[in-house]
Amino acid sequence: MGKIVFITGASSGFGKAAAYKFAASGYDLILNARRTERLEELAAELGSKFNCAVLTLPFDVSEEKAVFDSIASIPDEWKAIDVLVNNAGLAAGRDYFDEASLDDWNTMIDTNIKGVLYVARAVTALMIPRKSGHVINLGSIAGKEVYDKGNVYCATKSAVDAISQAMRIDLLRHSIKVTCIHPGAAETEFSMVRFKGNEEAAKKVYEGITALQAEDVADVIYYCASLPPHVCINDLVLTCLQQANSFYINRNSNP
Ligand code: NDP
Ligand code: 8X3
């Protein structure tokens, strides 16, 4: 077994692109998401293309028991995980605070905060005895600046930022790296999920800009993971050229 990366949310977007990137770079992969069929297809493709070993581990990151049981069930030869890309997450809805669906709030809190915590806790338990490992959490610029109708999504990503800082401090004594990556607008399935299949609303997010692509973010994730053992990027914000932060987007000069 070579170096092992565990990627949550690998059925789409950043997670899927990261799976390609790590596989192409010689890693063996543990791939998680809820959509089993997509994971199986990706595993078969990566296995034959890059000759890597792939273990699919489908579960819902928001279900505490499923997370801990699934990670406990990983075969021994897969347990020496080098990198965790703690990426599964979503926005559900974009609505005023006083109009937003409580179900959407619960889904985001359960997935983006509890899911990130459960997976990180279960995987770092495997890293700690080896005194080695790297956790890469996916935050967002939404966690850096709160924007209108972003209320709970922004709060969950702000929580990922805080959790990453806390993990970095508390895991220092175990020599585990913790990186939090905060992308700006990126063209994945994110907006289709956020707007519940409303293609027009999803497209509008990327209108007039050359947004980040999943591969751009995957390259940055891999870069963070490929630094020498004594170097850690703690916090990294990336946006496309036409975005300065959550508020300022230049939609007039598409390069
Ligand atoms: P996608 O919608 O393309 O991918 C999200 C992935 O998360 C899917 O593989 C999905 O798989 C998985 N996922 C969602 N909920 C769960 C769950 N409960 N359990 C397990 N897996 C789950 O979005 P992105 O790739 O863009 O997003 C990845 C991360 O990056 C998210 O945390 C997002 O908040 C963050 N982000 C996205 C930005 C963007 O503009 N796209 C910018 C900044 C941050 P499945 O449905 O099969 O379970
Ligand atoms: C996703 C990017 O700007 O929609 O986290 O919040 S944004």
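**A walk through the sheet and its cores**

Let's start in the middle of things: strand 4 and strand 5 run parallel and are joined by four bridges. One of the places where you can see this pairing is Leu84, whose bridge partner in strand 5 is Val135. Keep in mind as you look around that this is a predicted model.

Strand 4 also has a link to strand 1, with which it pairs in the parallel sense over three bridges. Here Val5 has Val83 of strand 4 as its bridge partner. Strand 1, in turn, runs parallel to strand 2, and four bridges join the two. Look for Ile7, which has Leu31 as its bridge partner in strand 2. In general, the strands of a sheet pair through backbone hydrogen bonds, in either a parallel or an antiparallel way.

Now step back to see the whole sheet. It is open and has seven strands in the order 3-2-1-4-5-6-9, with parallel pairing. Which strands stand at the edges? They are strand 3, residues 54-56, and strand 9; each has a single partner strand, so one side of each has no neighbour in the sheet. From one strand to the next, the twist averages 15 degrees. Helix 2 lies across strand 2 and strand 3, and it runs at about 175 degrees to strand 3.

Let's return to strand 4 and look at its side chains. Val83 and Val85 point one way, Leu84 and Asn86 point the other way, and all of them are buried. Leu84 makes a good example: its relative accessibility is 0%, and because buried means under 20%, Leu84 counts as buried. What does Leu84 touch, once its neighbours within four places in sequence are set aside? Its contacts are Phe6, Val119, Ala120, Val123, Met127, His134, Val135 and Ile136. For a sense of distance, try finding Pro129, which is 45 residues from Leu84 along the chain; the C-alpha atoms of the two are separated by 16 Å.

Next, the cores. As a general trend, nonpolar side chains in soluble globular proteins tend to be buried together. In this model, the largest nonpolar core has 41 residues, and Ile7, Phe22, Leu29 and Leu31 have the most contacts inside it. Several elements each supply at least two residues of this core, including strand 1 (4-7), helix 1 (13-24), strand 2 (28-31) and helix 8 (214-225). Helix 8 gives the most, with eight residues. Ile7 shows how such a core residue is surrounded: beyond its neighbours within four places in sequence, Ile7 is in contact with Gly15, Ala18, Ala19, Phe22, Leu29, Ile30, Leu31, Asn32 and Val85. There is also a second, separate core of 28 residues, and Phe6, Ile71, Ala120 and Ala122 are among its members.

Finally, take in the protein chain as a whole. It has eight helices and nine strands. Its radius of gyration is 18 Å, close to the 18 Å that the globule rule gives for 255 residues, so the chain is as compact as a globular protein of that length. Along the principal axes, its C-alpha atoms fill a box of roughly 50 × 35 × 35 Å. Of the 255 residues, 51% count as buried. Among contacts between residues at least 6 apart in sequence, 71% join residues at least 24 apart. On the outside, the accessible surface comes to about 12100 Å², and 52% of that belongs to carbon and sulfur atoms.

Notes. Residues are numbered from 1 along each chain as its sequence is written. Chains are lettered from A and ligands numbered from 1 in the order in which they are written. This is a predicted model: local features need pLDDT of at least 70, side-chain atom pairs count only at pLDDT 80 or more; totals for chains, interfaces and linings use all residues. Side-chain values use heavy atoms; hydrogens and water are left out. A nonpolar core is a set of buried Ala, Val, Leu, Ile, Met, Phe, Trp, Tyr and Cys residues joined through side-chain atoms within 4.5 Å. Buried means under 20% relative accessible area, exposed over 50%, partly exposed in between (1.4 Å probe, protein chains only). Contact means heavy atoms within 4.5 Å. Two strands pair if DSSP finds at least two bridges between them. Axes are lines fitted to C-alpha atoms, for helices over the stretch in contact, and angles run from 0 to 180 degrees between N-to-C directions. The radius of gyration is taken over C-alpha atoms; the globule rule is 2.2 Å times the number of residues to the power 0.38. Accessible areas come from the Shrake-Rupley method with a 1.4 Å probe; for residues, only the protein chains shown count as cover.
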